[in-house]
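Reader: I keep meeting words like "buried" and "salt bridge" and never know who decides. Can we go through a structure and check the labels one by one?

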Amino acid sequence: TALCELKLLPGAEGRLATVNVRYEDPDTGEVTEIGRDFYRNQLSATFAAASPRFQLDAAVAEYAEILRESFWSLESSMEGVRAVAGRVSGFLPDGPDVTEFLYLVTQAALIAG
């Protein structure tokens, strides 16, 4: 999984990026290449309007950045990550990964004090 953050200029429209992925199937050794363009009109207007699974993925990435004290997490907090995970858990009630992640974030927040 790869997450990339794009900061758009005001009024940005049209094609924003082209992403190419190449991977090898570990069982068959078959190599596959995929390329896809991404356009402005495919983006959600807000983070909360994005799919719950995307929001969870972003929260997990932010959690990892906080734990490693990354430059990219300077404006982040465990409480913020916990809030996103808690909200998303309501949209993904049957996901044991969501429940476990929420537990881990809560424990990390308690340890951090």
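**Checking the labels**

Author: Sure, let's start with a pair of charged side chains: Arg68 and Glu65 form a salt bridge, with their closest N and O atoms 3.2 Å apart. Keep in mind that this is a predicted model.

Reader: What makes Arg68 and Glu65 a salt bridge?

Author: The cut-off is a side-chain nitrogen of Lys or Arg within 4 Å of a carboxyl oxygen of Asp or Glu. Arg68 and Glu65 come to 3.2 Å, so the pair passes.

Reader: Are Arg68 and Glu65 buried or exposed?

Author: Arg68 has a relative accessible area of 58%, so it is exposed. Glu65 has 22%, so it counts as partly exposed. The limits are under 20% for buried and over 50% for exposed, with partly exposed in between.

Reader: How many salt bridges are there by this rule?

Author: The count comes to 4. Another of them joins Glu33 and Arg22, with the closest N and O atoms 2.8 Å apart. That pair links distant parts of the chain: Glu33 sits in strand β2 and Arg22 in strand β1, 11 residues apart.

Reader: Why are Glu33 and Arg22 called exposed?

Author: Exposed takes over 50% relative accessible area. Glu33 has 60%, so it qualifies. Arg22 also has 60%, so the label fits there too.

Reader: What about Glu79 and Arg82: how far apart are they in the chain?

Author: They are 3 residues apart, about one turn of the helix, and both lie in α2. Their side chains meet in a salt bridge at 3.0 Å, N to O. Glu79 has a relative accessible area of 46%, so it is called partly exposed. Arg82, at 31%, gets that label as well.

Reader: On to helices. How do you know whether α1 has the length expected of a helix?

Author: Compare two numbers. α1 covers residues 52-67, which is 16 residues, and reaches 22 Å from its first C-alpha to its last. The span expected at 1.5 Å a residue is 22 Å, so the two are close.

Reader: And which residues of α1 are buried?

Author: Gln55, Leu56, Ala59, Tyr63 and Ile66. They cover an arc of only 100 degrees around the axis, so they sit on the same side of α1. Their cover includes α2 (78-89) and α3 (96-112). Just after α1 comes Glu69, with a positive phi near 55 degrees.

Reader: How do you know that the buried residues of α3 line one face?

Author: First, the buried ones are Val98, Phe101, Val105 and Ala108. Seen down the axis of α3, they fall within an arc of 90 degrees, so they line one face of the helix. On the other side, Pro96, Thr99, Glu100, Tyr103, Leu110 and Ile111 are exposed. What covers the buried residues of α3 includes α1 and α2.

Reader: How does the reach of α3 compare with the expected value?

Author: α3 has 17 residues and reaches 24 Å from first C-alpha to last, close to the 24 Å expected at 1.5 Å a residue.

Reader: Where is Leu104, and why is it called partly exposed?

Author: Leu104 is in helix α3. Its relative accessibility is 37%, so it counts as partly exposed. Leu104 and Tyr63 are 41 residues apart in sequence and 9.7 Å apart in space, C-alpha to C-alpha.

Reader: Which residues make the nonpolar surface patch?

Author: Val19, Val21, Tyr23, Ile34 and Phe38, with an area of about 410 Å². β1 (15-24) and β2 (31-39) each supply at least two of the residues, and the largest share, 3 residues, comes from β1.

Reader: What lets Phe38 into a patch?

Author: A patch residue needs over 30% relative accessible area. Phe38 lies in strand β2. Its relative accessible area is 31%, so it is partly exposed and clears that cut-off.

Reader: Last one: which residues does Thr32 touch, leaving aside its neighbours within four places in sequence?

Author: Val21, Arg22 and Tyr23. Thr32 is in strand β2, and at 23% relative accessibility it counts as partly exposed. Thr32 and Val105 are 73 residues apart in sequence and 36 Å apart in space, C-alpha to C-alpha.

Technical notes
Residues numbered from 1 in each chain as written. Predicted model: local features only at pLDDT ≥ 70, side-chain atom pairs only at ≥ 80, totals over all residues. Heavy atoms only, no water. Helix = DSSP H or I, 4+ residues; strand = E, 2+ residues; numbered from the N terminus. Buried < 20%, exposed > 50% of the residue type's maximum accessible area, 1.4 Å probe, protein only. Arc of directions from axis to C-beta. Contact = heavy atoms within 4.5 Å. Patch = residues over 30% accessible without salt bridge, like charges linked within 9 Å, V, L, I, M, F, W, Y side chains within 5 Å. Areas by Shrake-Rupley, 256 points an atom, 1.4 Å probe, with all protein chains shown as cover.
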